[in-house]
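Got your viewer open and a selection box handy? Let's take a short walk through this one, stop by stop.

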Amino acid sequence: MLYFLFLSFFSNVTAQRFPVQVFPRVVPPAPVNFYNYADGSTLNSPLQVLLLLGDLSINRRQIRLKVYFEGNGIAFESIDNVTGAPVLLIDGGTPLYLTNVELAPYFELPNLRGISSRVYGRTIPEGSYQFCFEVFDLITGNKLGDKTCATTFIFKNEPPLLNLPLQDAILEPKAVENIVFQWTPRHINVSNVEYELSLVEIWDERVDPRTAFLSSPPVFQTTTRATSFVYGPAQPPLLNDKRYAWQVKAKAIKGAEEIGLFKNEGKSEIYWFSKTEPCVMPTGVYGEPKGLSRMNIFWDEDLTVYNEYEITYREKGKANARWFSKRTNAGWATVWDLKPNTTYEFKLRGKCKFGYSPYTKTQSITTEAAEDKTANYNCGIVPDAIAITNREGHPNILIGDRITAGDFIVTITDITSEQDGVISGSGFVRVPYLEQARFGVTFNNILVNTDYQLAKGEIVTLYDPVFGEGEEMIVNLPVTEWLENIRGVINNNRNKVHEALVNGNITQEEADELEEQIEEQEQLKEEIEEELTKGDDADKEKVREARESTEKITEQIGQKLNSAQTNSANISSVVIQYKGQNYKHTDTINIPFNRNLGKQLFKIIGIKEEAKVDWAFYTNLDVKEASSSLGNGKAIEVNLIKDYGDNLVLGAEYWKSEDDFPEGKSKEVRVFIKVVKEPFELVELIATHKDKPKRIAKSGETLYLIDPPSATDTKKEVVYNIEIESELPKEQIDNSNIQWFYDKPGTSSYSPKNEGEKIITRNLVENSDKINTAVKGGYSEVLEKNVDVQWVKENKQKIKVVPPSIQNTINTVFKNMKRLNEITEKFGKYKLKIEPKIEFFGSEFNQEDEISRFYNIIRDGGINASLDLKYKVPLPPPYSIDLTIPWIDYSIGEIGAYIDIIASLKTSGILRYQKRSDQKTFNIVMNTIAIKGEGGLEFGAKANVLPEVELVTINLKAYGKSKLSVSGKVNFTTSNNTNFKPEIYLEPLIGGFNGEIKTGDYIIFKDTFEKQLSQRIKIYP
């Protein structure tokens, strides 16, 4: 009866199990792009998952999946509510087979957590990875299938390497087309590969061929399995004087479709070639000297072939002389700023539509040693009708502008009319051949093009030996325009000096001297401004002298800079050497960052043995004062990271000898030193309960810890570790690029800790507030991640789990059982004794969930019950003797055999409800009835003598006993069926004796003895 009461109570609840088995598989070779797994249209599914529900009684249970990807520093998972996921229904005993059609939405970027769009869009790095799957009930959220993974190795196959035609090649037109396209494959684990060759015609020559290829449809496209293709007469003819771009795409084929196994979708670089006649060398090239510092070079101009010419020249016979170049679209050019009485060599090439011609034969010219002062010059300057092809008028010519007229530079000092580049006015020109004499000029309706060249008209010189001294020039020149011109000249001078210093053409000392001259120009400008404010009372002579002084300073600066550029080759031969590599002035030394970088050795190369060298660090290339002095010698060791930093300018100042130090003239070579840090992105912060490694919280989440009752504060260790996009070794990350924060915000101690550490461990003490741990990391972009830890009291308390109505029913039944004892009293010596007991219990407490960051609210309840039955059977004579004296009707005792029948039934039911802290409803996680029944006999002989005599009482008993026991548990399944597997034993036979003799309350003799006479025997199963 008791068993059926418990069965009726527990049969309506179900126990949580993991009834779904998960069998994932990655079909090799695995694709190398994440988006390939999100493609549900392919026939060749890269992933396959088989789900099998073992409970045959369940039909059409709606489920959902959770997908994980892990490996090589990348880890992400699908969100709970996956957009676009199909409805999944599973039946007991029927396998559910899933392919990319069902799995694709789980790999779409919006449905993933833990991966950035940048990582998702890249090719998956080569390495070992795991694809894992879990199964959940869609409605309740209960887990039905445990996390199961499939491991695969992803190979990153490189696209083909293009060979022929060469990059930017020129192919001559032929009567029969015969162009060989050839490439080299670079894949390693793909056997079935096709190559798609695409050819694009480029119509706009101003557009980069790569851009044109990506934005234009192919004029020809074909697929082949070979690594070459001959473009012949059977293909569409290619036009002459056109440029074509081409690319090869490698495609891994499985069945009838492409699978993504190649980096960059298998696409190679984009090469291009031009189908045209070769660009031939220009003809008629010759040159002639023009005075002390220039030469004119002429050639046969052909506008139908060339759109530009390049002249290259250098000083002849000079070791390591540098080639200089000049470009023009005319049929001649003047090379300026040459040395007197010096031989130069030059050569020329022309630029055709698609490339340059070869250089012409090198020729030589020697500049004049002395000026020919008897030479006659025309008083009129007219444009060269052949040289000037630009006829587009300049839209905004201003006073102070300089224009080129033939071989001369004309400075405009007055404009009387101007419209669309046609101007009238006056100016002056300097003639270098006449000791820089200045001549006044006038012009009327001349055309100045957008290149500041005289394109039409004539500029006429005026005979005025004291040009500039007359009132007219000063009065006619607007003050603001003239001063603006002076400011532009000064700024231009300062920019040129700075450029020469940066390029290493001049030393810092030389730059300082030139700066003093520029400051003198500024002083003269201020004197002019002050004088011109006087109006008609202005001292025109003073203004003229100041103006001439500013122009003279400009000329001096130009001469010094030109001379310094010529001598720069000598300066650039002195270099700083680092690890066998030479670095010139202004070069950059890139040193990979490492925390253990230590001291680095730098040497100066190219100076004389007796030279004196002084090393120092500077804030930049321009400053004179050093920020840190390093010492002397031709080599120096410095600890960059420890003592200085990661972005420096290292300078080596050197003198010819010790005698020149420090007052003598010195030179210097400076280089940038940049300690290069590898960029990395902070992807995730993970907190793990150290004693329970499956309890994990990620950034933005909270890890819950349970605080049990204790006399002392509870402490638990939590391990925090970060995940970064690229698995850089710890030594290659600067300490400042990983900073931990875990004090309360707002306090004075809220400062970075554990800098540079990827993993830290905190021993957390119970606290009512949330304990926050944050990390800032990444280079060059810094991201912040944080995780909270929340302590929760265990809070164990008694509750009623079994409903009161059921408790009342069971209590009533047990009370009625006790009434049976009243009935057995009527049987006399044959008595049946029933002892029923019942106990209800229940409690609620909080407990950490073993496999998640949450905690569980547990409600335990149940019943403990027992029913003992004892039935005494006294044996009649002759098995018993009543020692009664008949004549006095007085009993002195009883001697005889006896049999006692004993039976007991004990049962307990345990019911556990559980609700995770992030869920709304309780689930039943334990539903068990434990049953134990025993039945046996005890037989023997006993004597009870003189029970009514007060002086002496004798009780003796010899017995043997054994019993049959049955025990087992009843577990309830999800289909409300019971599963009872009993165990039946014949317990050992026990023989025993006990006796007692006493008088009154005094025990004279008492002893008990038992011995096992047989072994326990298992009867079932």
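Start by selecting D707, which is buried, with a relative accessible area of just 4%. Keep in mind as you look around that this is a predicted model. Now add K793 to the selection: the side chains of D707 and K793 meet in a salt bridge, 2.8 Å from N to O. D707 belongs to strand β44 (residues 702-707) and K793 to strand β49 (residues 783-793), which puts the two 86 residues apart along the chain. Unlike buried D707, K793 is exposed, at 52% relative accessible area.

Next, pick E77 and K698. They form a salt bridge too, with the closest N and O atoms 3.7 Å apart. E77 sits in strand β4 (residues 74-78) and K698 in strand β43 (residues 696-698), so this pair ties together parts of the chain that are 621 residues apart in sequence. E77 is buried, with a relative accessible area of 13%, while K698 is partly exposed at 24%. Don't clear the selection yet. Which residues share a network with E77 and K698? Add K66, D80 and R113, and you have it: salt bridges with shared partners join these residues into one network.

How many salt bridges does the structure hold? The count is 40, and here is one more of them to try. Select K147 and E70, whose side chains meet at 3.0 Å, N to O. K147 is in strand β9 (residues 143-154) and E70 in strand β3 (residues 61-71), 77 residues apart. Both ends are partly exposed: K147 has a relative accessible area of 33%, and E70 has 27%.

Time for a sheet. Select β22, β21, β24 and β25, and you'll see an open sheet of four strands in that order, with antiparallel pairing. Look at β22 (324-328) and β25 (363-366): they stand at the edges with a single partner strand each, so one side of each has no neighbour in the sheet. From one strand to the next, the twist averages 30°. Zoom in on β21 (residues 308-315) and β24 (residues 343-351), which run antiparallel and are joined by eight bridges. For one of these contacts, click R314, whose bridge partner in β24 is E345.

Last stop: N596, in the loop between β35 (588-592) and β36 (599-605). Is N596 buried or exposed? It's exposed, at 59% relative accessible area. Add Q732 to finish: N596 and Q732 are 136 residues apart in sequence, yet 8.8 Å apart in space, C-alpha to C-alpha.

Notes
Residues are numbered from 1 along each chain as its sequence is written. This is a predicted model: local features need pLDDT of at least 70, side-chain atom pairs count only at pLDDT 80 or more; totals for chains, interfaces and linings use all residues. Side-chain values use heavy atoms; hydrogens and water are left out. Buried means under 20% relative accessible area, exposed over 50%, partly exposed in between (1.4 Å probe, protein chains only). Two strands pair if DSSP finds at least two bridges between them. Axes are lines fitted to C-alpha atoms, for helices over the stretch in contact, and angles run from 0 to 180 degrees between N-to-C directions. A salt bridge is a side-chain nitrogen of Lys or Arg within 4 Å of a carboxyl oxygen of Asp or Glu.
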